[in-house]
Each structure stands twice: as C-alpha cells, then as structure tokens.
Amino acid sequence: MTRPAALVLGATGGIGGQVARTLLQRGWRVRALHRDPVAAAARRPGLAVEWVGGDAMDAADVSTAARGASVIVHAVNPPGYRDWHRLVLPMLDHTIAAARTHGARIVLPGNVYNHGPDAFPLLREDSPQHPVTRKGRIRVEMEQRLARAATTGVRSLVVRAGDFFGPDPGNAWFSQALVKPGRPVTSVTNPNDPDVGHAWAYLPDVAETMVRLIEREADLAAFETFHMAGHWDAAGDGMARAIVRVAGRPGVTIGRPAWWLYRLMSPFITVFREMQELRYLWQQPVQLDNRRLVAFLGAEPHTPLDEAVRTTLQALGCLDAAPGTSVARA
C-alpha cells in the first residue's frame, strides 16, 4: 500500500518541523522545500524528510515539490519578520496554485492576529475579523484567499491557536522574551498585564491536532477552521510561575518587559517593532473556544503544562536534559 505524501513548507521552523515529525511518525512520506537542502538537513539531523531544493517565492519550485502530495503544510514565514508584508501573500498564492494543480489540501497554522478587540475575550471560528495591526490584516487576507480558492476546488484547513511554545519555537514570545535560551533560568519576563488571561499552545499538541484533522479528510469541508484551547493562563502569570517551578528555582524573580525600550527601538529593530505592535494581546484576555474541535475529534491533544514547559526549557538549553521525558496526549 502506497503511503500518503505531504509537502511541508517551513520544515526548519517550529510548527513546520513539528508537523513534519508527527506525519513521519504516522507513516507519511514527507517532502520539505528549502533553498539550501544540505544546510536544512544539517540543521534538522533527526528529521528524516526528503529535502528538495527550491524557494517558496518561486511558483514552479513549489509546484514541482508538491507533485504526488495530498497535503501541503504552509508553515513558511520570512526569517525574523523581514519583508513580511511583501513576501507572505505571494508565497501563499504559490501554495494555492500548487494545491490546485496536484489536488492537495492546504494546511495553515493560524493565530489570533486576525481578530481585534471587538471579538475578545472568547474567539470562535466565526468571530468577526477586524484586525488592528498590519500582520493581522495580512492574516485576514490569507484566510480570505483560501476561502475563495475553496469555491473553485482548492481545499484548505486553518488551525488557530495561542502563542506557540515548545522545542524549537522559532520567533516566539516564550524564547524571545520570557527566558534567555542557552542560559539557566535566573529571571522570567512576563509580558502580561496583571490578571489578564492569555492562551498558549504547545507545538507538539498543535502538530498532533493538525495531523489528526488531516487524517479525517473524508469528513472535512472544502474550507475548514478549528480553534485550539491549548493552555489557558487565566491569571496571566501561570506560564511564568510554571517556568520558575519547573526550573526548581523558587527565588527566581518574575519581571515585566521594557515596553518603553521596544517602542524606542522599534524603528530600528524589526522584532521589537513586531512585539510593540502586538502588545494589545497582552493587555486584554484572549481565549480560544475549542468546542467545535472537541466535537469533531473527541478530545484536544493536551500535554500537561509542567511537562510541556520542562521539554521546552530543555530544548532551549535552560535545563539539564532529564532522561525518560515523554509527551502525554489525550
């Protein structure tokens, strides 16, 4: 029996790498597109995908890489947010064209940027999308393009979740703000305003959710959206306290970010500009309603918080590796 095949765009990133790994574990053949496949393979030595040379900005490269694939995971982003506004939509258009040519379903990792405060605090799949940031407006356009493509036969799936954390989270708040990768935990920075709830999503759980949905292809509509609840931090300091607890350093201080510095440096440093633009998500509670996902799958994959934080800190070099660490899921 021929194994199903998937193309992953962005396999060197956090969510792309996790989805590729989960697909491999489920017996899929996985192909990954990268401009330098040799370097990509060296960067991901344990990821046994077929690396192929090509650029997500080249429609022909994407189409060639997608040949024979029934799924295209669109998890590619410009590194460090550079030229995000100029590159993101063309890359998605190339994925849509490849999916149309080869009859594949597109899988897009979503987030909450495409929603504004009028939709808060609890986001459903049909909540209004009135973004207040540049990235949010682009996110809305991405989903609109997928919805339009679905009316002409291009199937897609969007899975929205909270802030990512986990092994190799990439450009994520956890690794860029809360802790310092490669160093023991001596302090934790909590971006949340006091008593403001926040949604977190553990990357292996997100990948598991996506793959379980992919494997229910026969039950999916042409355009589908699901929300993950992930880890809901109701008090706004639960993630920071979990880091301190797992690190075994009860005296570690939990501080606040230097928002004034982000604002001052945002004209010169892209990451600071993006952080400053997204501050509103830390000033009011934003929770995702997963009832539709639970009704469809029966349960949402969910790793206990301390276990997820421990695995994340180990991968970031903030803890000594502990033998026998496992990932528990529903």
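**Exercise 1. Determine which residue of strand E5 stands opposite Val73, and place strand E4 among its neighbours.**

Solution. In this predicted model, Val73 stands opposite Val107 in E5. The next step is to examine the pairing of the two strands: E4 (residues 71-74) and E5 (residues 105-110) run parallel and are joined by three bridges. E4 also pairs with strand E1 (residues 5-9), again in the parallel sense, through four bridges. In that pairing, Leu7 is the residue opposite Ile72. Finally, consider the two faces of E4. Val71 and Val73 lie on one side, Ile72 and His74 on the other, and all of these are buried, so that both faces are covered, given that buried means under 20% relative accessible area.

**Exercise 2. Establish how the span of helix H5 compares with the expected value, and identify what covers its buried residues.**

Solution. Helix H5 comprises residues 134-150, which is 17 residues. From its first C-alpha to its last it reaches 25 Å, close to the 24 Å expected at 1.5 Å a residue. At the N-terminal end, Thr133 acts as a cap, with a side-chain oxygen 2.9 Å from the backbone nitrogen of Gly136. Gly136 is itself among the buried residues of H5, which also include Ile138, Met142, Leu146 and Ala149. An α-helix has 3.6 residues a turn, so residues three or four places apart point the same way. The cover over the buried residues of H5 includes strands E4, E5, E7 (156-160) and E11 (223-227), together with helices H4 (84-102) and H10 (270-277).

**Exercise 3. Describe the largest nonpolar core and state which element gives the largest share of it.**

Solution. The largest nonpolar core has 38 residues, and Phe174, Leu178, Ile243 and Leu313 have the most contacts inside it. Two or more residues each come from helix H6 (173-178), strand E10 (198-202), helix H8 (238-247), helix H9 (259-265) and helix H12 (305-315). The largest share, seven residues, is that of H8. Beyond its neighbours within four places in sequence, Leu313 is in contact with Phe174, Val179, Val185, Ile243, Val246, Cys318 and Leu319. Another core, of 35 residues, lies apart from this one and has Ala40, Val107, Leu157 and Leu213 among its members.

**Exercise 4. State the mean pLDDT of the protein and locate a stretch with pLDDT below 50.**

Solution. The mean pLDDT is 91, and 94% of the residues reach 70 or more. Residues 321-330 have pLDDT below 50, and this stretch makes 24 contacts in the model beyond near neighbours in sequence.

How values were computed
Residues are numbered from 1 along each chain as its sequence is written. This is a predicted model: local features need pLDDT of at least 70, side-chain atom pairs count only at pLDDT 80 or more; totals for chains, interfaces and linings use all residues. Side-chain values use heavy atoms; hydrogens and water are left out. Buried means under 20% relative accessible area, exposed over 50%, partly exposed in between (1.4 Å probe, protein chains only). Two strands pair if DSSP finds at least two bridges between them. A nonpolar core is a set of buried Ala, Val, Leu, Ile, Met, Phe, Trp, Tyr and Cys residues joined through side-chain atoms within 4.5 Å. Contact means heavy atoms within 4.5 Å. pLDDT is the predictor's confidence in each residue, from 0 to 100. The expected span of a helix is 1.5 Å times one less than its number of residues. A polar contact is a pair of N or O atoms within 3.5 Å; within protein, one must be able to donate a hydrogen and the other to accept it, and residues adjacent in sequence count only if both atoms are side-chain atoms.
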